[in-house]
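Welcome to this short briefing on how some helices pack together and what surrounds others. Please have a look at the sequence and the structure first, and then read on.

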Amino acid sequence: MTKLPPRSRKVRILATLGPASDTPDMIRALFVAGADAFRINMSHGAHEDHAARIAAIRALEKEFNRPTTILGDLQGPKLRVGTFEKGLAILEKGAAFVLDRDETPGDARRVNLPHPEIYAALVPETRLLLDDGKLVLRVKTVSDERIDTIVEVGGTLSNRKGVNVPDVVVPVPALTDKDRRDLSFAVEQGCDWIALSFVQRPEDLAEARKLMGGHGALMAKIEKPSAVQRLEEIIELADGVMVARGDLGVELPPQAVPPLQKQIVATARTLGRPVVVATQMLESMIKSPSPTRAEVSDVATAVYDGADAIMLSAETAAGDWPVEAVTMMDSIAHSVERDPGYLARLHFTETRPDPTTADALAEAASSIVSVMGASAITCFTSSGSTVRRVARERPSAPILALTPRSDTARKLGLTWGVHAVRTKDIGNFEEMIGKARRMALRHGMSEKGGKIVVLAGVPFGTPGSTNVLHVAAIRGDELKGRDESPSF
């Protein structure tokens, strides 16, 4: 078994797998370099390719005796124009352009748009964005069969380019047939998180939740302006949230995205949900071994804002420098977290506790760490709920999550400051304190003479019963003759 110490940084790193990173050796290299979780992008690749990657990730658990975290990212509904007679057309600014139901190949005057939902949702003066926002059309009239527009921003439009509709809610289902097949596959493969793309309203989460059947956790990707309008409702119904800045930046002016990012991160933290900041974080490292200073600053901003995780997309999936991208992101995060002002900046976001015992104890644990200089907060958990409440407080000490459940340990891989360990359950108070001490020593969370804060629920093994807080001192001899960590 290979020894790998717990990460010393609090923010987690989520790395996307793809052609540049689909071998077991490369996946292992990304993990050792600092990747805490892996994203399987269902938009690309066959199920057998994804299954091989998932198997390679799970193999790391046996080698390192540490839970691994897998996020299956669904493609979501893709709206696209049809084809052109010559493969492309040049749309001139100020020209009239029609989108219609006619499947005949288009030209510079018209093209097919095979999505009746768009016709039903549009009203005059709304916008259509084509090819990731490179072209902009303004709607003049709309019927069931055609949309008459004026080209506001022209350019070249080629076959099957994407269509974004930023100004209205388009009544398309959140899950396509492909998504349902991919979700079923992800559940069968034991993915820990399912990311739902293009969420527009809270109701969009319902079908995915039902199809998951209680397996895994559901992450809502915020990439539509309509989702921002109902942000709190969506986050409350999800288990986590992703700031998907790519499509968000297509449908909104670029300058609107940074304040929205901060709003989404702050709202998710306030509601106690893990939040991932994604897209183009180290984009230049797709081709370059080093990032731009602006990209470094972008990553640092997400860490200062208190995001639970920061994500690499094409940098690790298709880039020339995947390991270097993870190493750089790890280095940036360490640099920020060593800043003496880091914790103060984190607490610009106020996270008021709910009037529950668990929240009161989570806030108290963070306060005790600050006052006494305790080296770790050790949480015994079944569902992971207590750990998430403690992480919400962004304490200065790391959080050691002890759980008998593999699925809980894996899901916590996207939670700020948490090192999760699967271990045998406990039966009484003395056993709890003894195990907390031993695990803190075993995993380098404390040393002789140190203090740890212990959180648990009595009766033991009952989800949602956190009602015990205890401060324990480490003698230093707790590990003599003991070996109690179950292997994966």
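## Helix packing around H12

Helix H1 (residues 24-33) and H12 pack at an angle of about 15 degrees, and their axes lie 9 Å apart. That angle is under 35 degrees, so H1 counts as roughly parallel to H12. Do keep in mind that this is a predicted model.

**H1 against H12**

- The crossing of H1 and H12 is right-handed.
- From H1, the residues Met26, Ala29, Leu30 and Ala33 take part, and they meet Pro322, Val323, Val326, Thr327 and Asp330 in H12.
- Sorted by class, this contact of H1 with H12 holds 7 nonpolar residues, 1 polar and 1 charged.

**H10 against H12**

- Helix H10 (residues 293-304) also packs with helix H12 (residues 322-337), here at an angle of about 50 degrees and with the axes 9 Å apart.
- With that angle, H10 and H12 are therefore oblique to each other.
- H10 and H12 cross in a right-handed sense.
- On the H10 side the contact involves Val296, Val299, Ala300, Val303 and Tyr304, while H12 brings Met329, Ile332, Ala333, Val336 and Glu337.
- The residues in this contact of H10 with H12 are 9 nonpolar and 1 charged, with no polar ones.

## Two helices and their buried residues

**H14**

- Helix H14 (residues 357-372) has 16 residues, which at 1.5 Å a residue should span 22 Å, and the C-alpha atoms at its ends are indeed 22 Å apart.
- Which residues of H14 are buried? They are Asp359, Leu361, Ala362, Ala365, Ser366, Ile368 and Val369.
- These buried residues pack against two strands, E20 (451-457) and E21 (466-473), as well as strand E17 (376-380) and helix H15 (385-392).
- After H14 comes Gly373, which has a positive phi, near 70 degrees.

**H17**

- Helix H17 (residues 429-442) has 14 residues and reaches 20 Å from its first C-alpha to its last, close to the 20 Å expected at 1.5 Å a residue.
- The buried residues of H17 are Met432, Ile433, Gly434, Lys435, Ala436, Arg438, Met439, Ala440 and Leu441.
- What covers the buried residues of H17? The cover includes E17, strand E18 (399-403), E20 and E21.
- Strands E17, E20 and E21 thus appear in both settings: they pack against buried residues of H14, and they are among the elements that cover buried residues of H17.

Methods. Residues numbered from 1 in each chain as written. Predicted model: local features only at pLDDT ≥ 70, side-chain atom pairs only at ≥ 80, totals over all residues. Heavy atoms only, no water. Axes fitted to C-alpha atoms, helices over the stretch in contact; angles between N-to-C directions. Helix = DSSP H or I, 4+ residues; strand = E, 2+ residues; numbered from the N terminus. Parallel < 35°, antiparallel > 145°, perpendicular 65-115°, else oblique. Left-handed = near helix turned anticlockwise from the far one by under 90°. Contact = heavy atoms within 4.5 Å. Nonpolar A, V, L, I, M, F, W, Y, C, P; charged D, E, K, R; others polar. Expected span 1.5 Å × (residues − 1). Buried < 20%, exposed > 50% of the residue type's maximum accessible area, 1.4 Å probe, protein only.
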